[in-house]
Amino acid sequence: MTSTKARRRIPWSVYLVLLPTFALLAAFAYYPALNGMVHSLFEWRPGFDSPFVGFENYRTMLGDDLWWASFRNIGVIFVWAVTLMWVFPLLAAELVMSLSSERLRFVFRTLLILPLAFPAVVNVLLWQFMYDPRDGVVNSLLRAVGLDGLAGNWIGDPDTALVALMTIGFPWVASLPFLVFLSALQNVPAEIYQAAEVDGAGRLRRFWSIDLPMMFRDVKLLFVLAVISVLQYGMQAHIMTGGGPDNATQVPVLRMLDAAFLDTSWGYAATLGTVLFALTLGVSLVALVLGRKAEA
């Protein structure tokens, strides 16, 4: 009882140490979000008179076909992100954990994680070069093996541009899912694997009966993070295609940026940002609640 009370007596000076952190969060996270919500109700023109328009920007959004069409691309990207982009990292994590030597595990784990140190923009620019229709690595390899008919303008063709963007980083092993899957497998008690081996469980049976159930919480976390990252997806499309060709790679973030910087409709851009924030928060909360119910 005494130890419990002692733990609760935290010196007030400790909270003072946290004040700078909360101040930075308030200045660079909470205030911009609230400011955007407020400006979504105005015909916002920074530095000039900005008349109040109420929910007019939201009514405009309801009739914005390009805005709603961008969510179709987001849906495709999300399905891709939680299927193929999880399969290869999971397979890599299983293969690393299958190594009997702890030293080999460390070496392969390090080699597979090392590309995460490279800036994401550098990775995108590298793939942009690989997709070059004339001298790119992809078309050069196809021509080298006699498949000239398959070579094409991968990011310049509306039929292939979105797939080309989603393929960036293949096989996606140097990623957060790999780290999460590997960490989950490392936390499985060795006794469980030993008992499964005594019972004659094969590698596939062990995967379905032990590995996947033990990774449920981690998969739930990855799902929530995938929802957030996909709704905020836009950097790759902005650098490589700008939402084109023919809006084939248009996503909500790009539509918001175009409204602000190309159309100079800052109030409308704030509206799109507010809605995107609300969707991200809402879907994340629903995913968390469903995950809790599944655990119960």
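Start with the whole protein chain in view: of its 296 residues, 33% are buried. Keep in mind throughout that this is a predicted model.

**The whole chain**

Switch to a cartoon and colour by secondary structure. You will find 16 helices and 0 strands. Now zoom out and turn the model along its principal axes: the C-alpha atoms fill a box of roughly 75 × 75 × 35 Å. The radius of gyration is 24 Å, while a compact globule of 296 residues would have one near 19 Å.

Next, show the surface. The accessible area comes to about 18,200 Å², and carbon and sulfur atoms hold 68% of it. Colour the charges if you like: there are 20 positive and 21 negative ones, and their mean positions sit 16 Å apart. If you draw contacts with a separation of 6 or more, 66% of them join residues 24 or more positions apart.

**The annotated spans**

Select residues 12–31, 74–99, 111–131, 161–185, 221–239 and 266–290. An unreviewed UniProt entry lists these as "transmembrane region". Two of these spans deserve a look of their own. Residues 12–31 are 100% helix and 0% strand, with 26 Å between the end C-alpha atoms. Residues 221–239 are 84% helix and 0% strand, and here the end C-alpha atoms lie 28 Å apart.

Then select residues 71–287, where UniProt (unreviewed entry) places the feature "domain: ABC transmembrane type-1". This span is 69% helix and 0% strand. Put a distance line between its end C-alpha atoms and it should read 18 Å.

**Helix α10 and its cover**

Select residues 176–186, which form helix α10. Show side chains for P177, F178, V180, F181, L182, A184 and L185, which are buried. What covers the buried residues of α10? Add α5 (84–98), α6 (102–113), α11 (190–198), α12 (203–214) and α13 (216–231), which are included in that cover.

**A buried serine and an exposed valine**

Move to S284 in helix α16, residues 266–295. Is S284 buried or exposed? Its relative accessible area is 8%, under the 20% cut-off, so S284 counts as buried. Show its neighbours too: leaving out residues up to four places away in sequence, S284 touches V224, V227 and I228.

For a contrast, pick V198 in helix α11. V198 has a relative accessible area of 72%; this is over 50%, and therefore V198 is exposed. Add G47 to the selection: it is 151 residues from V198 along the chain, and the two C-alpha atoms are separated by 74 Å.

**Backbone details in the loops**

Before the last stops, a reminder: most peptide bonds are trans, and most residues other than glycine have a negative phi. The next selections depart from that pattern.

- Select F170 and P171. The peptide bond between them is cis, with omega near 5 degrees. P171 sits in the loop between α9 (161–166) and α10.
- Select G244 and P245. The peptide bond joining them is cis, with omega near -5 degrees. P245 belongs to the loop between α14 (235–240) and α15 (252–262).
- Select D246, in the loop between α14 and α15. D246 is not a glycine, yet its phi is positive, at about 55 degrees. With a relative accessible area of 69%, D246 is exposed.
- Finish at T264, in the loop between α15 and α16. Its phi is near 50 degrees, a positive value in a residue other than glycine. T264 counts as exposed, at 51% relative accessibility.

Methods:
Residues are numbered from 1 along each chain as its sequence is written. This is a predicted model: local features need pLDDT of at least 70, side-chain atom pairs count only at pLDDT 80 or more; totals for chains, interfaces and linings use all residues. Side-chain values use heavy atoms; hydrogens and water are left out. Helices (H or I, at least four residues) and strands (E, at least two) are DSSP runs, numbered from the N terminus. The radius of gyration is taken over C-alpha atoms; the globule rule is 2.2 Å times the number of residues to the power 0.38. Buried means under 20% relative accessible area, exposed over 50%, partly exposed in between (1.4 Å probe, protein chains only). Contact means heavy atoms within 4.5 Å. Accessible areas come from the Shrake-Rupley method with a 1.4 Å probe; for residues, only the protein chains shown count as cover. Lys and Arg count as positive and Asp and Glu as negative; His and the chain ends are not counted. The place of a charge is taken as NZ of Lys, CZ of Arg, CG of Asp or CD of Glu. UniProt positions are given in the numbering used here, feature names are shortened, and annotations may be inferred rather than shown by experiment.
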